[in-house]
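Reader: Before I rely on the labels attached to this model, I would like to see the reasoning behind them.

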Amino acid sequence: MSIATLDTTQHPNLPASAATLFNAKAKKQLTFEQIAEEIGRNEVAAAAIFYGQAKPSPEDIQKLSSLLEIDQQILESQMGGFPDRGRTVEMPPKEPLIYRLYEIVQNYGYAYKAVLNEKFGDGIMSAISFSTKVEKETDKDGNNWAVITLRDHLTTGQLSH
């Protein structure tokens, strides 16, 4: 079983809670899937909390405190503010997997936009009403494929400038 850990020297813009959470996660040898099951979220949402990219609910903090054996007051003080999304990755990204996701948008962004416009009309996507999941698919030849689903509520209609 592989456990995602964090090298804080490679991520200087993460909140203090990231180191606290990742250290406890490594000590407990828990995957994001296991953590997500315990807190009642999907694994990408759980990971986003660890990176400070999603705001945890008071229930999330309580469950994480219990699961990871971290003092709840420490988590509350470290996670009490609002996420500062987008600061953690320099553009263009240097980490190969993050860069490849960025490359998908660079190469297919306008194609996605055209198809979305044809299906939904004039509209925009946002990450406000958004969900995502990662699945592993193995084909008949034994090749593993990453299946990333992005689900968003599309706001349609006349856009104001």
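Author: What follows sets some values for helix packing and for a pocket against their definitions. This is a predicted model, in which local features need pLDDT of at least 70 and side-chain atom pairs count only at pLDDT 80 or more, while totals for chains, interfaces and linings use all residues. Residues are numbered from 1 along each chain as its sequence is written, and side-chain values use heavy atoms, with hydrogens and water left out.

Reader: What makes up the protein, counted in helices and strands?

Author: The protein has six helices and four strands, and from the N terminus the order is α-α-α-α-α-α-β-β-β-β. Helices (H or I, at least four residues) and strands (E, at least two) are DSSP runs, numbered from the N terminus.

Reader: Why are α2 and α3 called roughly perpendicular?

Author: Helix α2 (residues 32–39) and helix α3 (residues 43–50) pack at an angle of about 95°, with their axes 8 Å apart. Angles of 65 to 115 degrees count as roughly perpendicular, under 35 as roughly parallel, over 145 as roughly antiparallel and the rest as oblique, and α2 and α3 are therefore roughly perpendicular to each other. Their contact (heavy atoms within 4.5 Å) involves residues including F32 and I39 of α2 and E43 and F50 of α3.

Reader: Why, then, are α1 and α4 called oblique?

Author: The axes of helix α1 (residues 16–28) and helix α4 (residues 58–68) come within 10 Å and cross at roughly 40°, and α1 and α4 are therefore oblique to each other. The contact is made by L21, A24, K25 and K28 of α1 together with L64, L67 and L68 of α4. These residues divide into five nonpolar, no polar and two charged, where Ala, Val, Leu, Ile, Met, Phe, Trp, Tyr, Cys and Pro count as nonpolar, Asp, Glu, Lys and Arg as charged, and the others, Gly among them, as polar.

Reader: What lines the second largest pocket?

Author: The lining of the second largest pocket comprises 20 residues, of which P15, G52, F82, P83 and D84 lie nearest its centre. By class, this lining has nine nonpolar, eight polar and three charged residues.

Definitions and conventions: Axes fitted to C-alpha atoms, helices over the stretch in contact; angles between N-to-C directions. 1 Å grid on protein atoms, 1.4 Å probe; cavity = no way out; pocket = protein on both sides within 12 Å on 5 of 7 lines; lining within 4 Å.
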